[in-house]
Structure formats: C-alpha cells, structure tokens
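Grab a coffee and open the model in your viewer. Here are some exercises, each with a solution worked through step by step.

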Amino acid sequence: MAAPDGGAGVGAFVRAERSPYRGAGQRHDFLPLYLYEGKHAYLHSHSVGLKFGEVLTEPRFDVFLRYRFEGFPYDQIPESIAGMAKRDGGIDAGASAQIGGDWGIAFVEGLHDVSAASHGTELRLGYRFPWRSGRLWLRPHAFVGYRDARLNDYYYGVRPDEATPFRPAYTAHAGMTAEVGLYAAYNLTERWRLIAGLTFTRWPSTVRDSPITEVGTQRQLTIGAMYDITPEHEAWPEGRPLILRAYHGDSSDCNVAQIAELRCTTTHTKDRTGITGFDIGRPFIERLNGWPLDIAGFLGLIRHYEAGFQQDFWQLNAYFKAYYYGFPWAERVRTRVGLGVGLSYAQRIPLMEVRDLADRGRNTSKLLEVLDPTVDVSVGDLIGVRSLRETYIGLGVSHRSGIFGSSQLLGNVNGGSNYIYTYLETTF
C-alpha cells in the first residue's frame, strides 16, 4: 500500500499498545519510517530483505531480517518484572512464501532469532486481502502461529534466580497464537499519505498463565504519515546515475547541532577514535516540485578505528538524502547543503557511545538512526574544469542517535555519537 516497485518514502509512526506485562499499562513508541521497495530488495525500517517473484502473477519467495517488537519496557519498570534480567527485542531471520490472486494472498513464513536474545522460532500461516478504492487502501489480515518454548520462555518465563515470594519461578512452553488486523492508507495528496493499523493478538495459554503477564489479547494501534519520494518519471533516459562518496573523520564531543552551526568543531577531545567510509547511491528525484532540491538514496559501509579500546569494527548505513543548491552564486560555484536521514547498524557499540551512554547507566543499541548533514562545493567550478562539475568536496557529520529515547526499534537510546569528516563525492 505504501509504495510500488521502485518506490521510496520517509515518514514517522506512533505505536500504542497495552503491554502484556503485569502493571506495565499502556505503552507508546515512536517508529521512524524509511521505505524502499525495489524489484528484488526492500527496506521497511524494521525489516530488510530480498524477494523473488510477483505475488499476484506467480508465487513469491522472500528472505529477510526483521526486528521483533517484544521485550521488557525500558522505562518505568513495573513491580512484576523488577529485578529480572532484561529481555531485549530480537532480530529474526526469516523466509516466506506467498501466492495470490483476485481472492487475496495466502502466506507462510518462518522466523528464528539470530541476535542471541531468545534463540526462539516461530512459524506463521496467514491470509491478507489488499483492496483499493480511489485514494483509500485497505488490507485486512489474519494468521495463526506456532511459537516454540525458547521464544515464549525468554520473554514470559521466570528463572529460578529471579523468583520472589510474589513472583514464583515459571517455565513457559510452546504454544499457538492468533492475530487479526486491518491496515489502511489514504492519499492526502500525490505524495503525502496517512497510514494506520489496528491489530489484536491472542497469546498462547502458556503466556497468559505466566505470573508476570496480565493481558490475554493484546491490542496495538499504529498511526503515522509518509512522504512518497518515488520518481514521477524516469529523469535519466540513458540510465540513472551512480553516486560514489568516500570520507574520513574523527570523533567529536560537540553535539550535531553545534557542529552544523560551526559553533563547535573540535575533534579527539577525549579519545582518538575515527572512521573511514564509502557510500554508493542513486538519485530518486531531481528538482522536487521544480525547486533546487534533489533526493537520493544511499548504502554506506564505515570502518571504526577504536584506538585500542576494543577491536575495530564495521558499520552499515542505509539512508535517504536531500540536497539543496539554490544559492545566488550557484552559477559561479555550485554549493550544496545536504541532510541524510536513515538507519545505522554497528557490529559493536562505538567507544563514544559506551563512554557517554553505558557509563551513565543508559541503554545502548547497535541499531540507531543516522543523521548526515553536509556542505560541499563543486570541484570543477573551483578549478575551472567543466567535466568535474558533478564532483564535490565537502565537510559532514556522521551522527548516530536514538531519537531521545522514544523508539523501541532503536533500543530507547537517549544520546549517541558524532564524527566530523571530510569527503569527496562524484557522479557517474
């Protein structure tokens, strides 16, 4: 409903649900939306995958990674789970098969935790029916699922060393779950879209009987908005250009707003960590609404140098970026201001985040939001070589954060890290 093949969008959602944990009450969560739907690959904020086949004309098969929205609340821990080891939301590796027609779409999928959280497995068999009338899209769905004992016991069991007089030890077993729901999308304009969803999940009896749960049927409401950045037409008849970017930078204890305003630009003030990165991207929209504003999508790989504190490691970024270049002097020296927004996954928690977050008792997360503000100028305009006009040299900030602790997807992290870097970007 959100985007066709080749489509992309950015947006934000708010999720509200009654927590299954006793005394936890109503929970609210902020979910940033970064959507890309390619012919064989997709990114859906909380999932990334590969797909083969078109479900309405032939069987479709997917392999994917998906975030599991379960686990203890991070703030206002209720008495029912106080003192227990934290249960984190996991990352599931999955595979699915779908077949569809005018009657709807039937699907089966298998999920297995690969993040060392539950190590559990879930199997689902379900049905959904996409329907459209004018600007309105509806998609009801239903599925039944089998959750193994490791999955249920990790989230809803009580280990012997966690037992108290008011919380006896409990082992949750395998069980069947069921869900029904409805998702809807409404096109406000050609590009702005409202999206909402309402689901009801019936937990297995082995979960309902746990001393730390109190909800048998869980309700979840999601509502948000998305801006569609899908190209209206192919602006590059000979093939969409390829954007390449290489950069190197050092850690900074300045915050990202201070750096962007040039009020603080110091590096290596507390440690000598740094990064080297390489991004590859494609433009989505050229001159959005006729403005001097382009939008592109990027995948990036960063190497962290941790100055001996821990092993160096890799970080993967996926983000959309807007470039504004409508300055009065643009005909003489083309100048761009850019802002990238997306997701970042690091193999390890960077030293800056360990020092500033973990040492203060705050959550850390390998998955965080990335912001990438930049400013650059055309190399060709600077040296008078027209063939290099689409090659740029500039300054930027690689910023990881958790949106002020408001997002479960991002580990409810409040804080992050900053690296000031120089870069060279060119288009082929």
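**Exercise 1.** Work out how the side chains of Asp 376 and Arg 336 meet, and where in the chain the two residues sit.

*Solution.* Step one: the side chains of Asp 376 and Arg 336 form a salt bridge, at 2.8 Å from N to O. The term salt bridge takes a side-chain nitrogen of Lys or Arg within 4 Å of a carboxyl oxygen of Asp or Glu. Step two: the pair ties together distant parts of the chain, with Asp 376 in strand S19 (residues 367–378) and Arg 336 in strand S18 (residues 335–346), 40 residues apart. Strands here are DSSP runs of E, at least two residues, numbered from the N terminus. Step three: Asp 376 and Arg 336 are both buried; buried is under 20% relative accessible area, exposed is over 50%, and partly exposed lies in between (1.4 Å probe, protein chains only).

A word on the ground rules: this is a predicted model, where local features need pLDDT of at least 70 and side-chain atom pairs count only at pLDDT 80 or more, while totals for chains, interfaces and linings use all residues. Residues are numbered from 1 along each chain as its sequence is written, and side-chain values use heavy atoms, with hydrogens and water left out.

**Exercise 2.** Find how many salt bridges the whole structure has, then sort two more pairs by burial.

*Solution.* Start with the total: searching the whole structure turns up 28 salt bridges. Side chains of opposite charge can pair when their charged atoms come close. Next, take Glu 17 and Arg 15, whose side chains make a salt bridge of 3.7 Å, N to O. Glu 17 counts as buried because its relative accessible area is 12%, and Arg 15 is buried too, at 5%. Then try Arg 263 and Glu 261, a salt bridge whose closest N and O atoms are 2.6 Å apart. Arg 263 has a relative accessible area of 55%, so the label is exposed; Glu 261, at 49%, gets partly exposed.

**Exercise 3.** Trace the barrel: which strands close it, and in what order?

*Solution.* First, list the 8 strands: the order is S14-S15-S16-S17-S18-S19-S20-S21, with antiparallel pairing. From one strand to the next, the twist averages 25 degrees (axes are lines fitted to C-alpha atoms, and angles run from 0 to 180 degrees between N-to-C directions). Now walk along some neighbours, remembering that two strands pair if DSSP finds at least two bridges between them:

- S16 and S17 are antiparallel and share 12 bridges, and His 304 faces Phe 313 in S17.
- S17 and S18 run antiparallel with 10 bridges, and Lys 321 sits opposite Gly 340 in S18.
- S19 and strand S20 (residues 391–401) are antiparallel with 8 bridges, and Val 377 is opposite Ile 393 in S20.

**Exercise 4.** Describe the surroundings of His 399: is this residue buried or exposed?

*Solution.* Locate His 399 in strand S20. The relative accessibility of His 399 is 9%, so buried is the right call. Next come the side chains: His 399 and Ser 401 are joined by a polar contact of 3.3 Å. A polar contact is a pair of N or O atoms within 3.5 Å; within protein, one must be able to donate a hydrogen and the other to accept it, and residues adjacent in sequence count only if both atoms are side-chain atoms. Finally, skip neighbours within four places in sequence, and the contacts (heavy atoms within 4.5 Å) of His 399 include Val 256, Glu 369 and Ser 417.

**Exercise 5.** Pick out the largest nonpolar core and say which strand gives the most to it.

*Solution.* The term first: a nonpolar core is a set of buried Ala, Val, Leu, Ile, Met, Phe, Trp, Tyr and Cys residues joined through side-chain atoms within 4.5 Å. The largest one has 28 residues, and those with the most contacts inside it include Phe 284, Phe 320 and Leu 410. Elements giving two or more residues to this core include strand S1 (7–18), strand S2 (26–37) and S19. S2 gives the most, with 4 residues. Last, a second, separate core has 16 residues, among them Ala 24, Ile 81, Leu 151 and Tyr 170.
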